[in-house]
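Welcome! Here is a friendly first tour for anyone meeting this structure for the first time.

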Amino acid sequence: MKPAPPLTITNGRLLCTDGISDAASPVVLLCQGDRIVGTSRQIDSGETSAAGHRVFDARGMVVMPGIVDLGVFEIDKPAFHFGGITRAALMPDQAPPLDYPARVRFAAAFGKPDLWVHPLAAATRGLAGTQLAEMALMKEAGARAVATGRSWIADSGVMLRVMQYAAMLDLPVITHAEDTGLAGDAVATAGEIATRLGLPAAPAEAEALAIARDLMLAAMSGVHLHIRQVTTRAGLDLVRKAKAGGTRVTCGVTPAHFMLSDIAMADFRTFARLSPPLRSEEDRQAVREALADGTIDVIASGHDPRGPEDKRLPFADAAPGMAGAETLLPLTLALVRDGLIGLPRVCALLCTNPATILGIAAGVLEKGYEADVAIVDVDRPWIVDSDRMQAQAGNTPFDRQPLQGRTAALFKGGMQVGQ
Amino acid sequence: MRDTPLPDPAQPPAVRADQYPAGRAAFPHKDLVGISSLAPWEILYLLDEAEQYVALNRQRHKHVDTLAGLTIINAFFENSTRTLLSFEIAGKRLGADVVNMHAATSSVKKGETLIDTATTLNAMRADAIVIRHASSGAVQLIADKVDCPVINAGDGRHEHPTQALLDALTMRHWMQGRIVPDGTKPLHEQGAGGFAGLKVVICGDILHSRVARSNILLLSALGAQIRVCAAPALMPAAMERMRVEPFNNFDAAIAGVDVVMMLRLQQERMAGSFIPSAGEYRALYGLTPERLALAAPHALVMHPGPMNRGVEIDSVVADMLGRSAITQQVEMGVAIRMACLDVLTRRARHVPGWRLPERDPAAGNAAVGDPAAADRPQDPS
């Protein structure tokens, strides 16, 4: 394959976890092949005028690393490119599950070259929570972490062995925190809304219970534990304490849990059927506080496009999940607008931290890193329309909602992709 | 077409014209999916409309031609004998063609089938569809898809509005013949429909009960004081947010109440993880004569049926003359369902005042002018 001609991105406000460059002194980002060569204040006009050299004028927009989406259920390239996502960690909950090296290898190669998929290996065969899957061979096939999928491993003995094994392989373990006994067949959080709608519901404490056990097992095994979604105050308190105590733990959340509370399920709106279910307003506020104070490390889309055959059903019979890739960035930027976090933290939550957890050289705009670059117009207004989304299905609970912030251009390995 | 006059107009009070807004404004809903969407006066309107059918049903000739020529489909996706029979009798006594559709729950669990079934029923040009389904929200889902009125005959743990209406009608009949213990005023003169201040206890499996939810909504809308009583495992979260007083102890809950409403305990909950055994359930929550003695001396006993005699209610209580209204509930059920079918089909029957306001013919047929449907956020449809 012919190497891509050099790429120069001019006039950008460069965003990294340390800060953002001033609009008054725009930065030039230089890329060669699929790598970043460096940044500078000046354009070397002699070099850029060479034949085939590409110059992209960012026109004062934010230049940030391509988003690393830690935990998606579907490879949905148009939606990812719309959302500024250049790498996605694929959950093992596929049909069939990613519990076998060949499937992991296939998934790892699936999106290339314009989208890199980092498969998450199933912790147990068939995600059944009983027998360990071939983690070492799956790591060799390209798995970047081990995940329990949509469910929690109820058997503590199995979970400890998974963690010990993953720790030996230096793979993080990504868990879903919901105590299965307490959650049962619940599709909602116990509270007024679930009671009025007559939906099977579980107490929010099901999450903290699961986290408490997993933290203890993580401390025993020394594994890096990443809890994919922490959505309750009690759960976040446990993570906060564990971090202070030195446990190797990180956690994430999806925008639904800091934007919506269980009232969004009123009228049996199946687009708001998520896993874990939407929580009380009190818990939503706790998630926002944890985003501000640094307890939460990652915001992911949890992208799970579902068509009418999965969603146009009675609430409890509908599949959980939302198409989140396109709204991930603007909803995270809304936290900046609300004054909770600054732009550098957006970069950490969406790009740098997830890349660090997965152990991949991405999420940073520095020399030697892959040239995954998103040019973002952070102020551009647009309205979500579930009928006209790029995703495979339009199951978003944010339909008709006005948002701000949109990817203007996206580069993966120095090549412009999408749009 | 006009409403056929009732055989004996001298019988109980017809709906007083001055009490309710004229025509469609008295009940401006396309469907009856839940009590939650009804205003108090709309509930009372249905109760008042049902009175004429209570009278009709007590006559030898129990047939009118009000709904002649209309087709009513009873689509029951969950097994039922009594409710189905009650709706069938109601439709037939109004002169409609009634068709019963039994659909095994398993065959319709699969997604599109439910919507497809709804579309199919719609294409058959039913004039009203009565639906029972095992999933909460299923009836609303269908109601949004069909043009004709839909009546909820029970959806999951959500609502069972006709049951709550028939219970209210039963209570009202009982109240109209009674004096409160302090001997001042008849119960029915004390406020909205006589329900204001009425003390009602609902005891049993509140968690899984759509009957309890609809009754709570209806009775609280009319101003009754409601207590709910269940073992902790059968009590939903945040009950106090529904303006009821939750109890775990039945003896405390029943003290001094005017109405004792027992719920059926499903067989599968009797042995296992919800309660230890049927025997222990009876010991804690069974309505025995001794427990009934703790209620007000005039207290009325109700049960939506079918009963587990000797579990949630003792036979001697269930059959207590003058106290148990369980058979009257069944009687009122037919009348209420006749009233609902009558009121909801008035639009289709072109009853004066019930036609929709003139619409732009280009506006399409969605929502059929139901103001509530326009506001209702819809998932993909």
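The briefing below goes from the overall build of chain A to the contact between the chains, then to a sheet in chain B and two residues of chain A. Please keep in mind that this is a predicted model. Chain A has 419 residues, and 58% of them count as buried.

**Overall build of chain A**

- Let's begin with the secondary structure: 14 helices and 19 strands make up the count for chain A.
- Measured out along its principal axes, the C-alpha trace of chain A would fill a span of about 65 × 45 × 40 Å.- The radius of gyration of chain A is 21 Å, which agrees with the value near 22 Å that a compact globule of 419 residues would have.
- Among contacts in chain A between residues at least 6 apart in sequence, 72% link residues that are at least 24 apart.

**An annotated stretch of chain A**

- An unreviewed UniProt entry carries the annotation "domain: Dihydroorotase catalytic", and this annotation covers residues 83-233 of chain A.
- Residues 83-233 of chain A are 38% helix and 17% strand, and the C-alpha atoms at the two ends of the span lie 29 Å apart.

**Where chains A and B touch**

- How many residues does each chain bring to the contact? Chain B gives 26 residues and chain A gives 25 residues.
- On the side of chain B that touches chain A, at least two residues come from each of helix H4 (111-123), helix H5 (138-143) and helix H7 (210-221) of chain B.
- H4(B) provides the largest share of that side of chain B, with four residues.
- By type, the residues on the side of chain B that touches chain A are 11 nonpolar, seven polar and eight charged.

**A sheet in chain B**

- Chain B has an open sheet of four strands with parallel pairing, in the order S2-S1-S3-S4.
- Strand S2 (97-102) and strand S4 (150-155) of chain B are the edge strands, as each pairs on one side only.
- From one strand to the next, the twist averages 10°.
- Inside this order, strand S1 (residues 71-76) and strand S3 (residues 128-133) of chain B run parallel and are joined by five bridges.
- If you would like to find one bridge pair yourself, look for B:Ala75, whose partner in S3(B) is B:Ile131.

**A closer look at A:Thr148**

- Between strand S10 (145-147) and helix H5 (156-168) of chain A there is a loop, and A:Thr148 lies in it.
- Is A:Thr148 buried or exposed? A:Thr148 counts as buried because it has 26 C-beta neighbours inside 10 Å.
- Leaving out residues up to four places away in sequence, A:Thr148 touches A:Ala123, A:Ile153, A:Thr175 and A:His176.
- A:Ile375 is 227 residues from A:Thr148 along the chain, and 34 Å separates their C-alpha atoms.

**A closer look at A:Phe268**

- A:Phe268 sits in another loop of chain A, the one between helix H10 (255-259) and helix H11 (281-293).
- With 24 other C-beta atoms within 10 Å, A:Phe268 is buried.
- Which residues are in contact with A:Phe268, leaving aside its neighbours within four places in sequence? They are A:Leu197 and A:Phe315 in chain A, together with B:Gly137 and B:Gln140 in chain B.
- A:Leu199 is 69 residues from A:Phe268 in sequence, and their C-alpha atoms are 9.2 Å apart in space.

Definitions and conventions
Residues are numbered from 1 along each chain as its sequence is written. Chains are lettered from A and ligands numbered from 1 in the order in which they are written. This is a predicted model: local features need pLDDT of at least 70, side-chain atom pairs count only at pLDDT 80 or more; totals for chains, interfaces and linings use all residues. UniProt positions are given in the numbering used here, feature names are shortened, and annotations may be inferred rather than shown by experiment. Two residues are in contact if their C-beta atoms, placed from the backbone, lie within 7 Å. Ala, Val, Leu, Ile, Met, Phe, Trp, Tyr, Cys and Pro count as nonpolar, Asp, Glu, Lys and Arg as charged, and the others, Gly among them, as polar. The radius of gyration is taken over C-alpha atoms; the globule rule is 2.2 Å times the number of residues to the power 0.38. A residue is buried if 20 or more other C-beta atoms lie within 10 Å of its own, exposed if 12 or fewer, and partly exposed in between; C-beta atoms are placed from the backbone. Two strands pair if DSSP finds at least two bridges between them. Axes are lines fitted to C-alpha atoms, for helices over the stretch in contact, and angles run from 0 to 180 degrees between N-to-C directions.
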